[in-house]
Amino acid sequence: MAGRTAPPTAIESVLSETRLFRPPKAFASRARVPDLASYRKLYAASVRNPGAFWAKQAGALLWRGRWKKALTWDPPFAKWFVGGKLNASENCLDRHVATARRNKVAIRWEGEPGDQRNLTYEDLLRETCRFANVLRGLGVRAGDRVGIYLPMIPELPIAMLACARIGAVHSVVFGGFSAESLRDRMNDAQAKVLVTADGGWRRGKIVELKAAADAACAGATCVEKVLVVRRTGRDVPMTAGRDVAYEEAARGVPTRCEPEALDAEHPLYILYTSGTTGKPKGIVHTTAGYLLGATKTMEWVFDIRDEDVFWCTADIGWVTGHTYVVYGPLSVGATVVMYEGAPDAPEKDRFWDIVERHRVNIFYTAPTAIRTFVKWGKDYPARHDLSSLRLLGTVGEPINPEAWMWYHETIGGGRCPIVDTWWQTETGCILISPLPGATPTKPGSATLPLPGVVPEVVGDDGKPVPKGKGGRLVLRKPWPSMLRTIHGDPDRYVSQYWSSVPGSYFTGDGAHRDKDGYFWIMGRIDDVIKVAGHRLGTAEVESAIVSHPRVAESAVVARPDELTGSAIVAFVVLRGGGKGDNALEDEIKAHVARTIGPVARPAQVQFTELLPKTRSGKIMRRLLRDIASGAKQLGDMTTLEDVAVLERLRAEYGEE
Ligand code: PRX
């Protein structure tokens, strides 16, 4: 799909942020990495001898069998800690239960209606074992795939850990995805069992997960059993012979289940994410490397303490929730807060209410959420005592310096460092981020690479560009928590990530480095759009749009949006030509929301008679992007087949 990618040479940075915030002394004096010199020493050691470095770090995990070699690199396929045996659920549970953490709260859960559950490490171990035994009873064995389509309730991490315990590979699908998206993922993963619920609460309404699961399973015959967890207590239709009520199945089941000693490279999970084609990619993460990345970043980036209450607000349906609600914090024995619902339910101060009542110390959220809080105003946080907070984080999209400053002052009271953490579904854990006790921060910059991470900004020729110049962000060396492949499609893994800059992993992001070596991520330069931090492929949205019976052709691009970072604009050519009206525009938007999920709903549908194309028939998205973002001057049009098309489109854009 290289032809659809914007030339990186066109990437120019317009940010010139000069504010610098040094780590507060009180924070630095207690931090694991207490100053920049210590960070640099750690980093230098990690790149000088990666094998020795990671061998030492691997001591952070509990092993059932010693591994032989830290890295086996058969480019671009990596294996870490080959020969080693371990179990991720044992790392997250048993090893804490064997210590004074046994009665420590692992999960402080709050439902949207206000109901609460606290699970200690011992509780979580017991429930995980019970769940694992139920899965086994349904015929699930090591290597089998299990789909999980649940609201943010404790059974979600329990189901994941239960899979990990018996070596089953979980594939969590975000509860906001449609039945069709769920079906495609279950089919691709060939899931044998699907775990869902009788619903979940969101803004006072029930999310109809079971109905979507039923519709998905009608087209996913691989799913033999559907395990239904009780959340709302409503009756939902159950299909005889296929559906199993979890509470009934769990009655009388033993609450002990030995963790299986699994190979370091045993797959832990598959998580689907959008790429440059219409088909989401199943990103495969394996056990040891992933868990090590999750564990070490909890220490390096969040400087986690035993007494901390840690809250990552991401849904577990995204990678951020996998790594920083489940595997990272539980592996280090932390207390996590988990919240089921929306930030404005019942009022716009719900997050700050949770921070105050649970005395949250570390708070990790997305820039879109922060911009929403800015819009709602300072009164909501002002109602609450936020003095428990000591560290703030952001993830998922670039943060604009104004939102950063608001976060720093209004939420952090000027005293909390902010870690702007760059990473991806594919990277498994944070790769570029300040270390809060060591790295001076600049609003809008993810700053410096973590130990073992070797990023670079390169031009079209794969060579580093001078400081200050924009280019492609690549990673030069393998790292333990990297994706191993795309499920069922190793060729796509090679072509997608390792071909455009030979020998390097291409992230799909544009970036530049400033004179201090700080990285400034400028956003996606491939055909992936980040809407409110959620990742969507333009091709995926286009294929949903053209599945509408009135649509002949469509091209989807992003335009900047104050709140969500980017918004989706769909240019649509109707069958038989002609212009659509407002009703059809709404219908197409709703059709996309139904087909993929509400996160993919276009902000704008622009009808057009024709799309601008090259002589060889390729849609020139670059020009459409210019139109959608209201650029005064359009880029190079030399390859455009019919200039008049573009002029008409530009004149009509935004007209009712
Ligand atoms: O474009 C980058 C953006 O999110 C992409 C990865 O998306 P996803 O796989 O959904 O994972 C999101 C959560 C890890 C990246 O390619 N991104 C992520 N973090 C940042 C970011 N952009 C700028 N700054 C960040 N801190």
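In what follows, Ala, Val, Leu, Ile, Met, Phe, Trp, Tyr, Cys and Pro count as nonpolar, Asp, Glu, Lys and Arg as charged, and the others, Gly among them, as polar. The structure treated in these exercises is a predicted model.

**Exercise 1. The largest cavity**

Task: Find how many cavities of 30 Å³ or more the structure holds, and describe the lining of the largest cavity by its residue classes.

Solution. Step one is the search of the whole structure, which finds three cavities of 30 Å³ or more. In step two the largest cavity is taken up, and the space within it comes to about 90 Å³. Step three turns to the lining, which consists of 15 residues, with Trp 54, Gly 293, Cys 429, Pro 451 and Pro 480 lying nearest the centre of the cavity. Helix α10, residues 287–300, gives the most to this lining, contributing five residues. In the last step the classes defined above are applied, and the lining divides into 11 nonpolar residues, three polar ones and one charged one.

**Exercise 2. The surroundings of the ligand**

Task: Determine how many residues surround the ligand, and work out which atoms of Gly 396, Asp 420 and Gln 424 approach the ligand.

Solution. The ligand is surrounded by 17 residues, and the closest are Asp 420, Thr 425, Asp 509, Lys 530 and Arg 535. For the individual pairs, N or O atoms within 3.5 Å of each other are taken as a polar contact. Gly 396 takes part through a backbone N or O atom, which lies 3.1 Å from a nitrogen atom of the ligand. Asp 420 uses its side chain, where an N or O atom is 2.7 Å from a nitrogen atom of the ligand. Gln 424 likewise offers an N or O atom of its side chain, but here the partner is an oxygen atom of the ligand, at 2.9 Å.

**Exercise 3. Two open sheets**

Task: Give the strand order and pairing sense of the sheet that holds β21 and of the sheet that holds β18, and explain why β21 and β25 each have a side without a neighbour.

Solution. The sheet with β21 is open and has four strands, in the order β21-β22-β24-β25, with antiparallel pairing. Since β21 (455–458) and β25 (519–524) stand at the edges and each has a single partner strand, one side of each is left without a neighbour in the sheet. Neighbouring strands of this sheet are turned against each other by 45° on average, with direction ignored. At one edge, β21 is joined to β22, residues 471–475, by four bridges in the antiparallel sense, and Val 457 stands opposite Leu 473 of β22.

The sheet with β18 is also open, but it is built of seven strands in the order β5-β4-β17-β16-β18-β19-β20, and its pairing is mixed. Its edge strands, β5 (116–120) and β20 (418–421), each pair on one side only, and the twist from one strand to the next averages 20°. Within this sheet, β18 (residues 362–365) and β19 (residues 391–395) pair in the parallel sense over four bridges, with Ile 362 opposite Leu 391.

**Exercise 4. Backbone exceptions**

Task: Locate the cis peptide bond that ends at Pro 76 and the one that ends at Pro 346, and place the positive phi values of Gln 190 and Ala 532.

Solution. The starting point is that most residues other than glycine have a negative phi, and that most peptide bonds are trans. Pro 75 and Pro 76 are joined by a cis bond with omega of about -5°, and Pro 76 belongs to the loop between β1 (69–74) and β2 (77–82). The bond from Ala 345 to Pro 346 is cis as well, with omega near 0°, and Pro 346 is found in the loop between β17 (335–339) and α12 (350–358).

Gln 190, which is not a glycine, has a positive phi of about 50°, and its place is the loop between α7 (179–189) and β8 (193–197). Ala 532, with a positive phi of about 55°, is in the turn of the hairpin formed by β26 and β27, which has two residues between the strands. These strands, residues 528–531 and 534–537, run antiparallel and are joined by four bridges, and Val 528 has Gly 537 as its bridge partner in β27.

How values were computed:
Residues numbered from 1 in each chain as written. Predicted model: local features only at pLDDT ≥ 70, side-chain atom pairs only at ≥ 80, totals over all residues. Heavy atoms only, no water. Pairing = 2+ DSSP bridges. Axes fitted to C-alpha atoms, helices over the stretch in contact; angles between N-to-C directions. 1 Å grid on protein atoms, 1.4 Å probe; cavity = no way out; pocket = protein on both sides within 12 Å on 5 of 7 lines; lining within 4 Å. Points joined across faces, edges and corners; volume = space filled by probe spheres on them. Near = heavy atom within 4 Å. Polar contact = N/O pair within 3.5 Å; in protein donor to acceptor, adjacent residues only side chain to side chain.
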